[in-house]
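I opened my notebook to look through this model with a fresh eye. Here is what I looked up, entry by entry.

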Amino acid sequence: MDRIKIIEVLEGISYPGHLHTQDSLKAVTNFQFQDTDILLVTFPKSGTTWMQQILSLLYNKEDLQHIQNIPTWVRVPWIEQIYFFEYLAQRKTSKPRFFTTHLLPKFMIHNLKNSKARVIYMARNPKDVLVSYYHFHKFATFLPKATSFEDFFEQFLEGKVCFGSWFNHIKEWLSVQQELDFFLITYEDLSQEPRRAIQNLANFLGQQLEPKDLESIVHYCSFSFMSQNDQLNYSIVPSEIFDHSVGKFMRKGVTEDWRKYFSPEQNTKFNNIYLGEMGDVTVKFPWSLD
Ligand code: PPS
């Protein structure tokens, strides 16, 4: 708790000091992946918790109830966080191991390439990421208070928020995808066609899914189920860390909420920057700019 107001800066990018130290960030470079590992990569607020839940459901089909008693951040811990090695020690020996990261590939690409670990990159419409992240700055006491939506909008576009630029994050990970066993999935795919998206993910992971398993997973990863479950909705986190009086971690869980927040001028500015940054990216994303 003593680090709640600390922001760590490493190579120009800031990180909440409540969860990261210089040492915990640098230790990632030495982390040895195993061939059976599965690494979930996200920019914050892209549906990390949702995918953490889906991954553990896919590998615990026989006992979907049991895993609901273990928080997602313990089941699929962040490799860069202070608590990582504690959670790693707590896990049972069964394979595969699941990990999460919000970091850029440069921290771990060398060791990832030396293993057959699989990488799942979950992306979300950056306009919705911005809005979700804005609300999270009001709720998470370990992040700097956002003075206004207008200010946060500018900071996000300039990459001056914790974990840096959304554009750099996705471009840097896409630029190494050929070197890895890599699967791209989006928040929008999961929202629009959950069965298809989960089946595609299961195919990538080589997981057999009976129709009844697929239905159960769709149920246990739904926003309505997860937002009611205290182990999944972050309500067990003390109010010194998440101010439950001002919001919820599981806030809305919808696509295109940005339309309620962006002014026409902000939208034009965002689109111009997006097109400039993403012009060379050939991936077809399921979100539209307008
Ligand atoms: S974090 O802090 O980076 O781990 O946050 P992250 O989990 O990436 O993102 C939080 C947003 O994801 C929404 N969410 C979901 N949406 C749909 N279905 C399910 N099951 C689900 N679980 C989490 C969550 O509500 C946050 O988005 P917003 O737009 O703020 O509601």
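Entry 1, a term I need. I count Ala, Val, Leu, Ile, Met, Phe, Trp, Tyr, Cys and Pro as nonpolar, Asp, Glu, Lys and Arg as charged, and the others, Gly among them, as polar. I also remind myself that this is a predicted model.

Entry 2, the second largest pocket. With those classes in hand, I sorted its lining and got ten nonpolar, five polar and five charged residues. The volume of this pocket comes to about 440 Å³. Which residues lie nearest its centre? I found Asn60, Arg75, Arg91, Lys92 and Ser94 there, out of 20 lining residues. Next I checked which elements contribute: helix H3 (72–75), helix H4 (84–90) and strand S4 (98–101) each supply at least two residues of the lining. H4 gives the most, with three residues.

Entry 3, the hairpin. I moved on to strands S1 (residues 7–10) and S2, which pair in the antiparallel sense over four bridges. They form a hairpin with two residues between them, and isoleucine 7 stands opposite proline 16 in S2. In the turn, I noted that glutamate 11 has a positive phi of about 45°.

Entry 4, the faces of S2. Side chains in a regular strand alternate between the two faces of the sheet. In S2 (residues 13–16), I see Ile13 and Tyr15 pointing one way and Ser14 and Pro16 the other. All four of these residues are buried.

Entry 5, helix H2. How many residues of H2 (residues 48–58) are buried? I got eleven of its eleven. Among them are Trp50, Met51 and Ile54, along with Thr48, Gln52 and Ser56.

Methods: Residues numbered from 1 in each chain as written. Predicted model: local features only at pLDDT ≥ 70, side-chain atom pairs only at ≥ 80, totals over all residues. Heavy atoms only, no water. 1 Å grid on protein atoms, 1.4 Å probe; cavity = no way out; pocket = protein on both sides within 12 Å on 5 of 7 lines; lining within 4 Å. Points joined across faces, edges and corners; volume = space filled by probe spheres on them. Buried < 20%, exposed > 50% of the residue type's maximum accessible area, 1.4 Å probe, protein only. Pairing = 2+ DSSP bridges.
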